[in-house]
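Biologist: Could you walk me through this model with the definitions in hand? I would like to hear what each term rests on.

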Amino acid sequence: MSKLTDTQSLILSRAATRPGNLAMPLPEGLHGAAAQKAVTAMIKRGWLEEVDADLRRGEPLWRETGDGHGTTLIATEAGLEAIGIEPVVTSAVASARKAKPQTGAEVAPTTEVTEAPKPVAIRAGTKQAQIIALLQRPEGASIAEIVEATSWQAHTARGAISGALKKKLGLPVTAEKVEGRGTVYKLTA
């Protein structure tokens, strides 16, 4: 696989933080022929996909198709893997973000300057990725199991769940008391 350019890495990182892995809007200053060249190369490599835009949800357009419709760009699993996000994490982040509905009134127009989203930094083999994999199991994971897998203190494991997973990544983590195991955390889709 080819090495990513800074522009490609930025586009994919931003897409990973958006609902439905939307790659639009592109970074500020990237437009015209430069945008076309970058996007075309990423589509050829399978990192981006052009899909019909849902104008009712206010999705930004990549291009108009001429029949009153348009297309937008989304990052594919291959694209997210190219920036180091594991497939299991990719599906968790994608499903969690798709679960958050938006209405057209809540979406800012693309001409308005908005704060750039922070890129999701989940790399294969990290402790955060291990925790997500544990929480995705049907039986979930207790704090003791997470502590054993990560070698962290219990308060650090709880902080990672509430801070990194729930607040930063927006993942839907539930907690349930189970007799014999204590509090069991699960990642719901």
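Biologist: What makes strand 1 and strand 3 a pair, and in which sense do they run?

Modeller: Two strands pair if DSSP finds at least two bridges between them. Strand 1 and strand 3 share five bridges, in the antiparallel sense, so they pair by that definition. One partnership links Val51 to Thr72 of strand 3. A word on the source: this is a predicted model, where local features need pLDDT of at least 70, side-chain atom pairs count only at pLDDT 80 or more, and totals for chains, interfaces and linings use all residues. Residues are numbered from 1 along each chain as its sequence is written, and side-chain values use heavy atoms, with hydrogens and water left out.

Biologist: How many bridges join strand 2 to strand 3?

Modeller: Two, and these strands run antiparallel. Glu64 has Gly70 of strand 3 as its bridge partner.

Biologist: Why is strand 3 called mostly covered?

Modeller: Buried means under 20% relative accessible area, exposed over 50%, partly exposed in between (1.4 Å probe, protein chains only). Six of the six residues of strand 3 are buried. One side holds Gly70, Thr72 and Ile74, the other Thr71, Leu73 and Ala75.

Biologist: Which residues of helix 2 are buried, and how do you know that they line one face?

Modeller: They are Ala35, Ala38, Val39 and Met42. Down the helix axis they fall within an arc of 95 degrees, so they line one face; the arc is that of the directions from the axis to the C-beta atoms. Turned away from that buried side are the exposed Ala33, Lys37 and Lys44.

Key
Helices (H or I, at least four residues) and strands (E, at least two) are DSSP runs, numbered from the N terminus.
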